[in-house]
Amino acid sequence: MAIKKPIVISVLVFAIILLSNFTETNPYFTITEKDVAFEVPKGFPAPTYTFANNKPTPAGFTLGRRLFYDPILSKDSSTSCASCHQRIAAFAHIDHTLSHGISGLIGKRNVPPLQNLAWGQSFMWDGGVNHLEIQPLTPMANPIEMASDIGDVIRKLKRNPYYREAFKEAFGDTLISSERMLKAMAQFTGLMVSANSRYDKFMRHEDTLTQFELNGLVIFREKCAKCHREPLFTDESYKSSGLYPDSTLNDPGRELITGRIKDENTFKVPSLRNVAMTYPYMHDGRFRTLEQVLDHYSKGDYYMLNVTPELLATRDMNDLEKKEVIAFLKTLTDKTFLYDRRFADPTYH
Amino acid sequence: MMCITTVLAVVMSFSAIAQPLQLHFRNVVDGKPIALEKDNYKNGLGQSYTVSNLKYYISNIQLTPESGKELTDSDYYLIREDDSASMNITLPHIPIGHYTRLTFSIGVDSLHNCSGAQSDALDPVNGMFWTWNTGYIFFKLEGKSSASKNPGSIYEYHIGGYKAPANCIRSVSIDLTGISLMPVIVLPPDTFHKKLKITGIDISADISKFMNAATPIDLTKISSVTDFHNAAKIADHYQQMFSLIKKDYGY
């Protein structure tokens, strides 16, 4: 009996290790050198995050992906990054106006999509986060998102046989540190590039747009592109889109970070790539459809605090024009990105 | 004969010898060691307070020699009252000689606030990192005060910010005139290998000076500073809390 016990335990441990490695040995989830090559798409500007000190490797990316999908990062192991950022919605959260975190707590803002993050100069609706690598610390520390302490998370990872192996594979030795964890996650999120929508193919002369969509593009360039600048569809600035502040949320936007009155009620201009997939819209998710967004811009009933001239140009679109713009926005849906197997949940059986 | 030349060589190359120098940070209140969560202290307004947590970053350490170029150390150090090892900073190669000034910064410069994931003193596990508005907390002091109107009578100063609206990096300059860093050479009887004893400079970080500075912090009014509001004012206070502990530094 005394002899048998360890055998039973080691068989069990072996089985657990086998199970936890199962998905990574499934060819669908296998990441190769080619999968982690970062290329700047034709027509894109130089990225902000260049991976200079964090060259992606298959093992690093695989580790980052696992962390992204693992609720171990939250206090009660209930919530992973992917609980809020869903792949089918370009990593936004379909049909949730405000984010939902641990114990069903409701957050203050709408979940944005995750795409082309390597070009981001700052993150979050208020730009409070200045670097892609440290971004995961924000939801982890947020008491209504993942509510965990980074020190506790590192301790949990150190106790986990899968991660001891995975960190060693990614970094050469068994040290598990926040720096390594964050770098692995940045390899995963930084490689989320969306640049293969019908719009992109049209720009590369590989595909055509319908006349209706082209009309939308013309209006878009005239009225919207000053803020939603091509090809990223954001100029990374903070602007007011004229929304009346929600009196229950009282979100001051960028002013929270800078303390400047001229930043009150301004928010990061969001990219519009994959926008047909990322409803609801705006920082508080107040609009459910693109029609509602277009009505807002067209009606021009703006909350005028800190409104800039670019916004006034969006007024007075007729119904046809609005439909054309929406048709154009739908050409920004990038199926290559949405169905990219590299970003799929490796823990899903 | 051999032995004599070795000794001579050691003596003659004194000026080129570098040795480690330790900076000892001594966190005190009114000159006495802090008793965490125990003793009650009083500020200049007669308001009592305790200290339960004290941490701060020291960086950009520079030593000015009497002649020659300034020596600069580019590392970051987190001094924590709950970890005595953290209070000793070792600068490994300081040439012996006379120095006139020690300067250092309290805080983390803009480059290191914008560099992504970092390790050691700058590892976010140290609890000195703001996630909602990226940046390091340069100085953290927490405790209780009967004057505070916060729940649980706590007071808390989490001060950071490397750019507008609150730049809280502060530089401290300490006069070292009259202090010479001389090597301590131990020649054990059986060998002629020189051994240099670490010499050190003691710096006092006095919380009573922080609380009082030019005008005392009123704990009824300013008992919680955790973002840029009032941060620069508190930073001016921590700039005032450092001084040299006078003792016999010459050897």
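The following dialogue examines how terms are applied to a predicted model of chains A and B.

Guide: In this predicted model, local features need pLDDT of at least 70 and side-chain atom pairs count only at pLDDT 80 or more, while totals for chains, interfaces and linings use all residues. Residues are numbered from 1 along each chain as its sequence is written, chains are lettered from A and ligands numbered from 1 in the order in which they are written, and side-chain values use heavy atoms, with hydrogens and water left out.

Visitor: Why is Ala147(A) called buried?

Guide: Buried means under 20% relative accessible area, exposed over 50%, and partly exposed in between, with a 1.4 Å probe and protein chains only. Ala147(A) has a relative accessible area of 19%, and is therefore buried.

Visitor: What makes Ser153(B) partly exposed?

Guide: The relative accessibility of Ser153(B) is 29%, so this residue counts as partly exposed.

Visitor: What is notable about phi in Ala147(A) and in Ser153(B)?

Guide: Most residues other than glycine have a negative phi, and most peptide bonds are trans. Phi of Ala147(A) is near 55°, a positive value, and Ser153(B) has a positive phi of about 55° although it is not a glycine. Ala147(A) is found in the loop between α4 (137-141) and α5 (150-159) of chain A; Ser153(B) is in the loop between β10 (135-144) and β11 (154-160) of chain B. Helices (H or I, at least four residues) and strands (E, at least two) are DSSP runs, numbered from the N terminus.

Visitor: Which peptide bonds are cis, among them one that involves Pro231(A)?

Guide: A cis bond joins Glu230(A) and Pro231(A), with omega about 0°; another cis bond joins Tyr279(A) and Pro280(A), with omega about -5°. Pro231(A) lies in the loop between α9 (211-223) and β1 (238-239) of chain A, and Pro280(A) in the loop between β2 (267-268) and α11 (290-299) of chain A.

Visitor: How do you know that helix α2 of chain A is mostly covered?

Guide: Eleven of the eleven residues of α2 (residues 58-68) are buried, including Phe61(A), Arg65(A), Arg66(A) and Phe68(A).

Visitor: What makes strand β17 of chain B mostly covered?

Guide: Eight of the eight residues of β17 (residues 199-206) are buried. Both faces are covered, with Thr199(B), Ile201(B), Ile203(B) and Ala205(B) on one side and Gly200(B), Asp202(B), Ser204(B) and Asp206(B) on the other.

Visitor: How do you know that β1(B) and β17(B) pair?

Guide: Two strands pair if DSSP finds at least two bridges between them. Strand β1 (residues 18-29) of chain B and β17(B) have eight bridges in the parallel sense, and Arg26(B) stands opposite Ser204(B). With strand β19 (residues 242-244) of chain B, β17(B) pairs in the antiparallel sense over three bridges; there, the partner of Ile203(B) is Leu244(B).

Visitor: How many residues of chain B and chain A are in contact, and what area is buried between the chains?

Guide: Contact means heavy atoms within 4.5 Å; it takes 18 residues from chain B and 21 residues from chain A. Buried area is the accessible area (1.4 Å probe) that two parts lose on being put together, summed over both. Between chain B and chain A this is about 1,500 Å², of which carbon and sulfur atoms give 59%. Ala117(B), Thr131(B) and Trp132(B) supply 33% of the area that chain B buries against chain A, more than any other three residues.
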